[in-house]
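Let's take a walk through this structure together, starting at the surface and working inward. Please keep the viewer open as you read.

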Amino acid sequence: MARFNRSDSLNLLTKLTPRRAWNALKVLSSFYISKWTKRPVQWGYPISISFEPTTSCNLRCPECPSGLRAFTRPIGMLQPDFFSETIDQLSKELLYLVFYFQGEPYLNPDFLDMVAYASKKKIYTATSTNAHYLTDENAKRTIESGLDRLIISIDGTTQEVYQQYRIGGDLGKVIEGAKNIVKWKKTLKSNKPFVVFQFLVVKPNEHQVEDVKKLAKEVGVDDVWFKTAQVYDFKNDPNQLIPSIDKYSRYRKTENGHTFKGKLANHCWRLWHDPVITWDGLVAPCCFDKDAQHQLGDLRKKSFKEIWKNGAYTTFRKNILKGRKNIDICSNCSEGTKVWSND
C-alpha cells in the first residue's frame with residue numbers, strides 16, 4: 001500500500017464534511033452486511049468515482065486497450081456540461097474523484113477546467129498522466145486548478161528501457177513535465193498536487209527500481225509508487241513483461257506457464273463505493289472493465305442515483321457475492337494485490 005503522507009492525508013481530510021462522513025459510514029456498513037449475509041444491500045452513494053476525460057492516447061503501450069486502439073466502444077472526449085451535471089448530482093456525498101480510466105487526460109482541452117470545477121466543490125481530485133503534455137503553461141494551470149494528486153507514469157529511467165513499454169514515448173518530456181510541476185508548486189507556494197512517480201514494474205525495467213528512487217529525489221517529486229502489471233495473456237506472456245522479482249508480480253511461474261497469485265474472495269469493496277463513468281456516460285462496475293462491457297446504466301438516459309440502486313447494479317453485486325471467479329473482469333483483478341514501495 002502507499003506510504004502515509006501527512007500533508008496529503010490532511011488535505012484529503014479537509015474535504016470531509018459531516019454529510020460525506022455519514023454517507024461513507026452508510027456505504028461501509030452496507031458492504032459488510034452484504035459480505036456477511038451474501039445478499040446485496042446498498043446504502044448511500046459513491047465515496048469516490050473514476051471519470052474518464054478521454055479514450056484517446058498518444059502512446060501505444062502493449063497491455064493497454066487505449067494504446068492498442070483495441071476498444072469496441074467509441075473514442076471521444078468528456079464534455080464539460082455533461083461532467084458538471086453529473087458532479088452536481090453527486091458532489092454532496094462524493095469525497096474523491098479520479099480523472100482517469102483509459103486514455104491521456106491532458107488530451108482533453110477542457111480537462112483542467114473540469115478539475116477546477118470539482119475543486120470548487122471541495123472534492124479531492126486526482127489524475128494519472130504519461131506527462132507528455134505537462135508544458136510550462138499546463139503545469140502552471142494544473143497548480144491553479146486545485147488538483148490534489150498527480151500520478152506520473154515513468155516506467156524506466158533511460159530512454160532505451162522506458163520506450164520498451166511506453167511505446168512512442170519520450171522520457172525527456174516526462175522528466176521535463178515533472179520538473180515543470182515542481183517548479184510551479186514552488187513559484188505559486190502551493191503544497192498541491194501531491195506528485196507521485198508511478199513505476200509499472202515489468203521485466204524490461206525491473207533492474208531500474210533503485211534508479212527511479214534516485215531520479216525522483218533529483219526531480220523533487222513527493223513519492224515513488226511501484227505497481228504490478230496486468231498482463232492479459234498471463235499464462236503465455238507473449239510480450240515478456242512479467243517480472244522475475246516475485247514481490248512485483250501478480251503471477252506465479254509454473255511448468256504450464258504463469259498463474260494468477262491473487263485469491264478471488266466473493267466480495268469486492270469497489271462495487272459499493274467506486275464506480276467508473278466513461279466519457280460518454282456509461283456506468284461500469286470498476287476500472288477492470290476497460291471496454292465497459294458490463295454496462296450498469298447510461299447517464300444519457302437516467303440520473304446516476306437511479307442507476308446506482310437499479311436492477312442491473314443489484315444483480316452484479318449479487319453475482320459478485322455468489323461467485324466472483326465466474327465474472328470475466330475479476331479473473332485478472334489486482335484488488336488487494338497491488339504493490340507499492342517507498343524504501
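Does Leu-10 count as buried, partly exposed or exposed, and why? Leu-10 counts as partly exposed because its relative accessibility is 41%; the classes used here are buried for under 20% relative accessible area, exposed for over 50%, and partly exposed in between, with a 1.4 Å probe and protein chains only. Before going further, a word on what you are looking at: this is a predicted model, in which local features need pLDDT of at least 70 and side-chain atom pairs count only at pLDDT 80 or more, while totals for chains, interfaces and linings use all residues. Residues are numbered from 1 along each chain as its sequence is written, and side-chain values use heavy atoms, with hydrogens and water left out.

Leu-10 sits in helix α1 (residues 6-13); helices (H or I, at least four residues) and strands (E, at least two) are DSSP runs, numbered from the N terminus. Leu-13 is also found in helix α1, and it counts as exposed because its relative accessibility is 53%. Together with Leu-16, these two leucines make a nonpolar patch on the surface with about 270 Å² of accessible area. A patch here is built from residues with over 30% relative accessible area and no salt bridge, joining nonpolar side chains (Val, Leu, Ile, Met, Phe, Trp, Tyr) within 5 Å and like charges within 9 Å. The areas come from the Shrake-Rupley method with a 1.4 Å probe, and for residues only the protein chains shown count as cover. Leu-13 also has a partner from elsewhere in the sequence to look at: its C-alpha is 9.1 Å from that of Tyr-124, 111 residues apart along the chain.

Now step back to the whole protein. You can count 12 helices and 11 strands, and of the 343 residues, 57% count as buried. The protein exposes about 15600 Å², with carbon and sulfur atoms supplying 52% of it. Among contacts (heavy atoms within 4.5 Å) with a separation of 6 or more, 69% are between residues 24 or more positions apart.

Arg-20 gives a local view of such contacts. This arginine lies in helix α2 (residues 18-37) and counts as buried because its relative accessibility is 5%. Leaving aside neighbours within four places in sequence, Arg-20 is in contact with residues including Lys-15, Ser-91, Glu-93, Leu-95 and Lys-121. The C-alpha atoms of Arg-20 and Ile-47, 27 residues apart along the chain, are separated by 7.6 Å.

Next, find helix α8 (residues 171-187). Its 17 residues reach 24 Å from the first C-alpha to the last, close to the 24 Å expected at 1.5 Å a residue, where the expected span is 1.5 Å times one less than the number of residues. At the start of α8, a side-chain oxygen of Asp-170 comes to within 2.9 Å of the backbone nitrogen of Gly-172. Just after the helix, Lys-189 takes a positive phi of about 55 degrees. Among the buried residues of α8 are Leu-171, Val-174, Ile-175, Ala-178, Ile-181 and Trp-184. An α-helix has 3.6 residues a turn, so residues three or four places apart point the same way. The cover over the buried residues of α8 includes α6 (136-145), β4 (149-153), α7 (159-165), β5 (194-201) and α9 (209-219).

Thr-142, in helix α6, lets you see that packing from the other side. Thr-142 counts as buried because its relative accessibility is 0%, and its contacts beyond four places in sequence are Tyr-106, Leu-112, Leu-134, Leu-147 and Ile-181. The side chains of Thr-142 and Tyr-106 are joined by a polar contact of 2.8 Å; such a contact is a pair of N or O atoms within 3.5 Å, where within protein one must be able to donate a hydrogen and the other to accept it, and residues adjacent in sequence count only if both atoms are side-chain atoms.

Finally, turn to the charges. A search of the whole structure finds 15 salt bridges, each a side-chain nitrogen of Lys or Arg within 4 Å of a carboxyl oxygen of Asp or Glu. Asp-113 forms one with Arg-141, the closest N and O atoms being 3.4 Å apart. Asp-113 lies in helix α5 (residues 111-120) and Arg-141 in helix α6, so this pair ties together parts that are 28 residues apart in sequence.

Asp-148 and Lys-192 form another salt bridge, again with closest N and O atoms 3.4 Å apart. Asp-148 lies in the loop between α6 and β4 and Lys-192 in the loop between α8 and β5, so the pair ties together parts 44 residues apart in sequence. Both Asp-148 and Lys-192 are buried.
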